[in-house]
Amino acid sequence: MHSAPRALCPHVEWAVAGVLGTRVNLDWIRQPAAPGTWRSEFSWQGQAGTASKLASALRGWHLLRFEVTAEPCPTAEGERYSCTPDLGIFHAVTGIHGDILIPEDRLRAALTRSQQGETDLEAEIAKLLGKPWDDELEPFRYAGEGAPVRWLHQVV
């Protein structure tokens, strides 16, 4: 959770708990990129499809900025959801190395819109890769002073 007004923090916890089926207490810290908001990080485990359920449970609140990621597993590709109040939600399928995998029909549609003069191909590809969401969320990704940091030394 990159930013949430304080009044929504318990509601975020309830929404996450509802999806995961267990009590959730997030450690909230102030979000310096948006004074008056709070941020938190949470690692979770669940079945394939849990990331989409989490993103769906959180997307209804206009004031939230968040990302939900699921690592690929033997039965499913990875996923990344990014959401901002201005842009709404972005979804991408990710491969085992974290690369965004763009379905060929979406690439063909972007190329067609570009060829018809409706849009610029570079801008279309940027949207397919989630660049507008990354640009907006980047200042919020930094936790600020005193935030907990987890270093991953080995991924199994």
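**Exercise 1. Read off the overall layout of the chain.**

Solution. Start at the N terminus and walk along: the elements of the protein chain come in the order β-α-β-β-α-β-β-β-β-α-α-α. Tally them up and you get 5 helices and 7 strands. Keep in mind that this is a predicted model. Next, put a box around the C-alpha atoms along the principal axes; the box is roughly 50 × 40 × 30 Å. Of the 156 residues in the protein chain, 35% are buried. Finally, take the contacts with a separation of 6 or more: 52% of them link residues 24 or more positions apart.

**Exercise 2. Work out the strand order in the sheet of 3 strands, and say which strands stand at the edges.**

Solution. Follow the pairing across the sheet and you find the order β1-β3-β2, open and antiparallel. β1 (4-5) and β2 (29-30) each have a single partner strand, so they stand at the edges with one side lacking a neighbour in the sheet. Now zoom in on β1 and β3 (residues 37-39): 2 bridges join these antiparallel strands. For a landmark, look at Ala4, which sits opposite Trp38 in β3.

**Exercise 3. Do the same for the sheet of 4 strands, then trace its pairings.**

Solution. This open sheet runs β4-β5-β6-β7, again with antiparallel pairing. Its edges are β4 and β7 (100-101); each has a single partner strand, so one side of each goes without a neighbour in the sheet.

Step through the pairs next:

- β4 and β5 are antiparallel and share 5 bridges. Two places to check are Phe66, which stands opposite Cys83 in β5, and Glu67, whose bridge partner in β5 is Ser82.
- β5 and β6 (residues 88-94) are also antiparallel, with 7 bridges between them. The connection from β5 to β6 is a hairpin of 3 residues. Thr84 has Gly88 of β6 as its bridge partner.

**Exercise 4. Decide whether the faces of β5 are covered or open.**

Solution. Recall first that side chains in a regular strand alternate between the two faces of the sheet. So sort β5 into two sets. Gly78, Arg80, Ser82 and Thr84 belong to one side, while Glu79, Tyr81 and Cys83 belong to the other. "Buried" here takes a relative accessible area under 20%. Both sets pass, leaving both faces of β5 covered. Put differently, 7 of the 7 residues of β5 are buried, so the strand is largely enclosed by the rest of the structure.

**Exercise 5. Find the largest nonpolar core and see which elements build it.**

Solution. The core has 22 residues, and those with the most contacts inside it are Met1, Val12, Trp28, Leu58, Leu64 and Phe66. Four elements give two or more residues each: α1 (9-20), α2 (50-58), β4 (66-70) and β5 (78-84). The top contributor is α1, with 5 residues.

Take Val12 as a test case. Skip its neighbours within four places in sequence, and Val12 is in contact with Met1, Leu26, Trp28, Leu58, Trp61 and Leu64.

**Exercise 6. Describe the surface and the charges of the protein chain.**

Solution. The accessible surface adds up to about 10200 Å², and carbon and sulfur atoms hold 53% of that. For charge, count 15 positive and 20 negative side chains. Then compare where the two sets are centred: their centres lie 6 Å apart.

Notes. Residues numbered from 1 in each chain as written. Predicted model: local features only at pLDDT ≥ 70, side-chain atom pairs only at ≥ 80, totals over all residues. Heavy atoms only, no water. Core = buried A, V, L, I, M, F, W, Y, C linked by side-chain atoms within 4.5 Å. Buried < 20%, exposed > 50% of the residue type's maximum accessible area, 1.4 Å probe, protein only. Contact = heavy atoms within 4.5 Å. Pairing = 2+ DSSP bridges. Areas by Shrake-Rupley, 256 points an atom, 1.4 Å probe, with all protein chains shown as cover. Lys, Arg positive; Asp, Glu negative; His and termini not counted. Charge placed at Lys NZ, Arg CZ, Asp CG, Glu CD.
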